[in-house]
Structure formats: C-alpha cells, structure tokens
Amino acid sequence: MQVVRPFTTTALRLAKQPAPAAAKKYLGRPSNNLSAGLVGLANVGKSTFFQAITKSTLGNPANYPYATIEPEKSIVQVPSQKLDHYQKIHNSQKKVPTNLTVWDIAGLTRNSSSGAGLGNKFLNDIRQVDGILQIVRGFVDDEIIHIEENKVDPVRDLVIVNDELILKDLEFIEVEMEKCTKNLKKPNQAHEAKNLEILEKLSDGLYNGVKVINGDWTDEEVDYINGLNLLTAKPTVYLLNVSKSDYISGTNQFRDKVQDWINTHSGNDKLIMFSAEYELASNNGEAQNKESAIPQVIQEMRDSLHLISFYTCGDIEARQWTIRRGSLAPDAAGLIHTDLQKTFINSIVYKWDDLAELEVFDENKLKSMGKQHRNGKKYEVEDGDVLVIKAGSGKAR
C-alpha cells in the first residue's frame, strides 16, 4: 500500500540528500514497458510456441513457409512466486501481476537483408521490439518442411539469422556514415566527428562478426547507438525447439553444438531447450510429467532486458511492478503515480529474504527485528523488494 504522510525530521533530512548518481546506461529504450519478438527461420515452430506462451489461438502454425505475414501481438503475464507469497502473507483480496508484450514475427530466409522472401518486412518488424526470442529448430520430423534443403541443422540456421541481422545493420551504418561525412563539411558540426568514430567502431565489430550487444561501449556511445535502433543491439534468448520426448528426457542431439556456437559468437546470451509440441499439449489439458519451460523463457527475457520486479502490498491487493535494473526509489514511486515521484520523501523497504519464510506479514515485528529499512532518494531498487512510498503531497492509493 502506498502511504502519504506529513514531513518528519528524518524525512526532511532524507529529502535534502544530494541528487543520486545516474543509473547505469543500457543498450535499448529506457523504458519499463519493453517487448520481445519471436524470431527465426520460416517454419521452425514460432507460431506454435506463440500459441503456447500466450495460451491463445493467435498465430498461424501451418506447415509451410510464410504462414505468418503480419506480426501478432499478445500480452503475457509474468509468473511470480514472490507475488503469490506476498498475497498470502498480506491476505490480499487479489493479486495483480505484471506483463510482457510478445510479438510473433514473420519468418526469415537466407538473403533477407537483400529483400528475399519477406526479408525487409521481417527485419523492419524486429526493429520494433526490444528483445529477441530466437527459435531454432532442433527436432526431426519428415512431415514438417525445412526451408534449407529440408535438412535440420540448427547451427546453420543460427549462422543464417546472425548474418542477416549483421548485414542489415552494416547497410544502415553505411548510410549513417555517409550522412556524417557530408555533415562534417558544414559549419558547427564538430559532434559529427565523434558520431563517425562510433559508427566506424560499430562497423569494424560487425565486419568481424561481433554483434553490437556484445561490444564494449561507454555511456556516451550507448546514447548515440540507442538512437540507431540496430538489430544486433537487441539482447537475444535462444530457444531450441525439440521434440516432446527430447524435452521430457532433457537430451537432444543438437544441443551441445548449439551451445558451443552461442558461447563462441554471443557468450552472454542464454540457451533454453523447450518443446512447442509439449507446451501446446499442456495447454490442451493433456497430463504432463515435467514443468513447462515458459516461466524460465519469460524470466530470461526479462533478465536480458535488465527488468526486475518490486511489489506494493496491502489487504486490498498485492501488485507486481516492472522497473529497469539500477532504477532508484523515486523512479519506482513514479510508476505508481507521478505525484509520488515529484514529492518523494523516502521509502520503507522490506526485502524478499526477510519475508520469504513468513506466514503472516507483521509490520511491528519486522521493525523490531531490524527488517524494516528506511531509504532515501539514492536507494537502488532490488528484485523482490516490497515498497511503501512516503511523499509530501499527492494522492494515496
């Protein structure tokens, strides 16, 4: 529950603290409302997975290339055991989870960067999302066509997608370099020299097969790169789509080779083995003997986007909020209500580790045990925090 209380001596002291240092800058939009796109070659199971993750009949899982043309959008609830626990110990009437927007994007083909197939449309659709869930086919089924010689080879597929994204970024960067070079001839354009230097650094890395997301960038460079919205600057979680039996057994003939490729070409990215067939069967009510991979997929995507959750709890509702890692308490207050950010005084914070084993939330007991933490504007919100925001004025929720 958010609380609005009058100023106290402690609150005044905290309010007078110097402005906090700027949060770490990440590649991508500085937003808490980020989206993910399902990406991969045509006919690898993207639409089937989209139906499974969204528990819907959206998408078109037909057995031929380009079954999906226009991207489909769905809002997926983020599973949270912490939210379930907080609702229980606060005896909240309801819980309100946070969401992740997921897009099913048309399939890629070789030479998409040159316009082959639906290439230009595919690549433009990827520009609109913040993170990539790249689905790679790791199952053998003679009845399902593979567009590359009808042969299953996930490493080859990874190379094709990676190369197409890099080629499209290089094409875009070359255009930007031409603009910068022309602008340098005009008066009062000294900043273009720095921009051109960054573009050359980007180009060198991409020509060496290094995605932008894996480069080493200063905050100044990040600011400029974010304005370019490059495809390879988006974080990727790789999803190896395997047969139902492989998923249950936890084994797959292609998995090690796929992991080796990721380690070599994009070591910070995660690989998850899943089965669209298994997930769809679960959604259809078939009894299963292994947990779904979808919660892990959603969490890994959020981690890649540097998203965490904090919570506000009371007897009416327990609510989960999404915020960028490194955000400060006033930023969290602003998500709840802009007035709370403008008039922020301090926050009372309860840590997940202190609440995880509780049966009932007891404010006085937690305070007496030193597990109620009062923090000012410099406090960096951590995943799992329960916050009570105090402000000088504004509406109480």
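This tour proceeds from the whole chain to selected strands, helices and single residues.

**The whole model**

Begin with the entire protein displayed, bearing in mind that the model is predicted. The secondary structure amounts to 15 helices and 12 strands. The protein has 397 residues, of which 50% count as buried. Its accessible surface is about 19100 Å², and carbon and sulfur atoms account for 48% of that area. Among contacts between residues at least 6 apart in sequence, 73% connect residues at least 24 apart.

**Strand S6 and its partners**

Select residues 236–241, which form strand S6. Is this strand enclosed by the rest of the structure or open? Because 6 of its 6 residues are buried, S6 is largely enclosed by the rest of the structure. Display the side chains next. In a regular strand, side chains alternate between the two faces of the sheet. In S6, Thr 236, Tyr 238 and Leu 240 point one way, while Val 237, Leu 239 and Asn 241 point the other way. The residues in both sets are buried.

Now add residues 131–137, strand S5. S5 and S6 run parallel and are joined by 6 bridges. To find one of these pairings, select Leu 133, whose bridge partner in S6 is Val 237. Then add residues 270–274, strand S7, which runs parallel to S6 and is joined to it by 5 bridges. Here Tyr 238 has Leu 271 of S7 as its bridge partner.

**Trp 261, a contact of Tyr 238**

Keep Tyr 238 in view and select Trp 261, as the two residues are in contact. Trp 261 lies in helix H9, residues 255–265. With a relative accessibility of 7%, Trp 261 counts as buried, since the limit is under 20%. Which residues touch it, apart from its neighbours within four places in sequence? Besides Tyr 238, Trp 261 is in contact with Val 155, Leu 158, Val 159, Asn 162 and Ser 266. Select Leu 158 with Trp 261: they are 103 residues apart along the chain, and their C-alpha atoms are separated by 8.3 Å.

**Helices H5, H6 and H7**

Proceed to helix H7, residues 219–226, where Glu 221, Val 222, Tyr 224 and Ile 225 are buried. Turn the view to look down the axis of H7: the buried residues fall within an arc of 165°, so they line one face of the helix. Add helix H5 (154–183) and helix H6 (191–207), against which the buried residues of H7 pack.

Now centre the view on H6. Its buried residues include Leu 196, Ile 198, Leu 199, Leu 202 and Leu 206, together with Glu 192 and Asn 195. H5 and H7 are among the elements that cover the buried residues of H6. The length of H6 can be checked in the viewer. At 1.5 Å a residue, its 17 residues should span 24 Å, and the end C-alpha atoms are 25 Å apart, which agrees. Just beyond, select Gly 209, which follows H6 and has a positive phi near 80°.

**Strand S4 and its partners**

Select strand S4, residues 99–104, together with strand S1, residues 35–39. These two strands run parallel, with 4 bridges between them. Leu 38 stands opposite Asp 104 in S4. Next add strand S2, residues 72–77, which runs antiparallel to S4 and is joined to it by 6 bridges. Gln 77 stands opposite Asn 99 in S4.

**Two loop residues with positive phi**

Select Asn 91, in the loop between helix H3 (81–90) and strand S3 (94–96). Asn 91 has a positive phi of about 55° although it is not a glycine. At 62% relative accessibility, Asn 91 counts as exposed.

Then select His 306, in the loop between helix H11 (294–304) and strand S8 (307–313). This residue, also other than glycine, has a positive phi near 65°. His 306 is partly exposed, with a relative accessible area of 24%.

**Cysteines**

Finally, select Cys 180 and Cys 313. Cys 180 counts as buried at 4% relative accessibility, and Cys 313 counts as buried at 8%. How many disulfides does a search of the whole structure find? The search finds 0.

Note on methods: Residues numbered from 1 in each chain as written. Predicted model: local features only at pLDDT ≥ 70, side-chain atom pairs only at ≥ 80, totals over all residues. Heavy atoms only, no water. Buried < 20%, exposed > 50% of the residue type's maximum accessible area, 1.4 Å probe, protein only. Pairing = 2+ DSSP bridges. Arc of directions from axis to C-beta. Contact = heavy atoms within 4.5 Å. Areas by Shrake-Rupley, 256 points an atom, 1.4 Å probe, with all protein chains shown as cover. Disulfide = S-S within 2.5 Å. Expected span 1.5 Å × (residues − 1).
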